[in-house]
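Me: I'm new to this structure and would like to learn how to read it. Could you walk me through a few features?

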Amino acid sequence: MADPTPSRPTSPEAQELLWLRCRRGDRTAWEELVATWERPLFYYVRQMTRSEERALQALQETWVQVFTSLGSLTDPARLAPWLYTIARRTAFRSLGRQRDEPVESAQADPLVPDLAESEHDAEAVHLGLSKIAAPLREVLTLFFLEDLSIAEIAQVLGIPAGTVKSRLHTARASLRRVLVSHVQDE
Amino acid sequence: MSESNTMRARLLDQAPIPGAYRKAYEDALRSLFERRLSGWERVRYLVPTAGGLTAATLLLSLALTEPATTPPVTRGLLFGLAVLGAGWFAIGMRVLRKGSVHLVRDRRTVVRAALLCTALQMAFFAWRCTSDTDALPGLLVSSTLFLLAVGFWIEQSIREARLFAREERLRSRLAELRVEDRE
């Protein structure tokens with residue numbers, strides 16, 4: 001059984017406070033920061049690198065980066081997007097890849113219920129995510145992890161919020177198709 | 001817990017961090033705070049440690065063996081400098097025994113020790129200058145070192161005070177938000 005992840009500091013003030021405590025060298029604040037974000041960040045880089053070994057390496061490098069550049073965070077109330085941005089860069093470095101792959105547009109299948117409203121199985125979604133294109137997988141992973149708003153996802157990915165929305169739409173449609181074909185195969 | 005939260009938790013359970021890795025990972029994180037000393041760094045800490053011990057021994061023996069006619073101020077200064085040498089020896093030994101330095105705590109100690117050390121040195125040379133002008137270069141060097149130490153100390157104090165004040169403000173704000181939520 002996986003370790004429970006502590007509740008996230010959701011308000012900007014709580015995120016800033018955690019950042020401040022870390023800057024002051026408070027060891028327990030670091031433990032809190034790591035315990036809160038290690039699992040979602042690991043899941044994110046795991047989805048990006050598609051390799052457990054690379055993801056673990058990227059996660060460790062992410063924390064080292066966070067530790068060394070904590071003072072450079074200009075808006076500590078946006079701690080979460082900053083963490084994901086560092087994790088993303090580290091994951092890309094481990095892949096030796098700098099640019100996103102092109103995203104093909106997809107139409108949603110109106111006969112399949114919306115993912116957010118259905119009682120879908122996490123395991124199927126997890127496997128389904130691994131079968132869709134990398135940029136779609138990335139945006140949908142961030143969406144499912146629920147740590148970031150659309151604007152913050154846009155900030156992490158370095159694309160406009162409108163593009164995030166359209167990419168999410170495409171990603172949901174792709175995942176839906178994968179899940180439906182998975183069910184049909186069974 | 002909402003469905004989406006359950007979904008998040010379930011997804012995270014699909015990719016647990018391996019236990020063996022967690023141990024190595026926690027060690028790596030700990031090492032960020034307690035940085036292990038390299039061989040060269042050990043030598044760098046060994047020099048002031050040995051210097052502190054030598055200075056403390058010499059100055060203490062001088063303070064104890066000076067003739068009875070030695071002014072009490074001189075004897076007191078020799079004792080003071082011996083204590084300072086012993087202080088550097090203690091700090092150096094602590095770091096060398098641990099084999100690592102704590103990025104925040106040890107830095108604070110070193111800055112304070114440097115400030116005290118340079119202040120005493122400057123006071124010593126200033127006192128010597130009252131009777132011997134040859135001590136003037138020593139006063140100039142020790143004053144420069146003292147000003148540098150003051151600069152580091154002020155910079156560190158301001159940074160820590162700012163962070164502390166900001167933290168207090170945030171804690172108050174969070175307490176207010178909690179009250180508002182309850183209402």
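**Reading helices and contacts**

Reply: Sure, and keep in mind that this is a predicted model. Let's start with helix α6 of chain A, residues 134-145: its twelve residues reach 16 Å from the first C-alpha to the last, close to the 16 Å expected at 1.5 Å a residue.

Me: Is α6(A) mostly covered or mostly open?

Reply: To judge that, you count neighbours: a residue is buried if 20 or more other C-beta atoms lie within 10 Å of its own. By that count α6(A) is mostly covered, with ten of its twelve residues buried. Among them are Leu136(A), Val139(A), Leu140(A), Phe143(A) and Phe144(A), but also the charged-type names Arg137(A) and Glu138(A).

Me: What follows α6(A)?

Reply: Glu146(A) comes next, and its phi is positive, near 60 degrees.

Me: Why does Arg177(A) count as partly exposed?

Reply: Partly exposed sits between the two cut-offs, 12 or fewer neighbours for exposed and 20 or more for buried. Arg177(A) has 17 C-beta neighbours inside 10 Å, so it lands in between. You'll find Arg177(A) in helix α8 of chain A, residues 161-185. Its C-alpha is 9.7 Å from that of Ile132(A), although the two are 45 residues apart along the chain.

Me: How many residues does each chain bring to the contact between chains A and B?

Reply: Chain A brings 33 residues and chain B brings 27. On the chain A side, α1, α2, α3, α5 and α6 each supply at least two residues. The most come from α2(A), which gives eight. Sorted by class, that side of chain A has 17 nonpolar, five polar and eleven charged residues.

Me: Now for two helices side by side. How do α4(B) and α5(B) run relative to each other, roughly parallel or roughly antiparallel?

Reply: Look at the angle between their axes, where anything over 145 degrees counts as roughly antiparallel. The axes of α4(B), residues 72-98, and α5(B), residues 105-129, come within 11 Å and cross at roughly 160 degrees. That makes the pair roughly antiparallel. The crossing of α4(B) past α5(B) is left-handed.

Me: Which residues meet there?

Reply: From α4(B), they include Val73(B), Leu77(B), Leu84(B), Trp88(B) and Ile91(B). From α5(B), they include Val110(B), Ala113(B), Leu116(B), Phe124(B) and Trp127(B). Split by class, the residues of this contact are 14 nonpolar, three polar and one charged.

Methods
Residues are numbered from 1 along each chain as its sequence is written. Chains are lettered from A and ligands numbered from 1 in the order in which they are written. This is a predicted model: local features need pLDDT of at least 70, side-chain atom pairs count only at pLDDT 80 or more; totals for chains, interfaces and linings use all residues. Helices (H or I, at least four residues) and strands (E, at least two) are DSSP runs, numbered from the N terminus. The expected span of a helix is 1.5 Å times one less than its number of residues. Two residues are in contact if their C-beta atoms, placed from the backbone, lie within 7 Å. Axes are lines fitted to C-alpha atoms, for helices over the stretch in contact, and angles run from 0 to 180 degrees between N-to-C directions. Angles under 35 degrees count as roughly parallel, over 145 as roughly antiparallel, 65 to 115 as roughly perpendicular and the rest as oblique. A crossing is left-handed if the near helix is turned anticlockwise from the far one by less than a right angle, and right-handed if clockwise.
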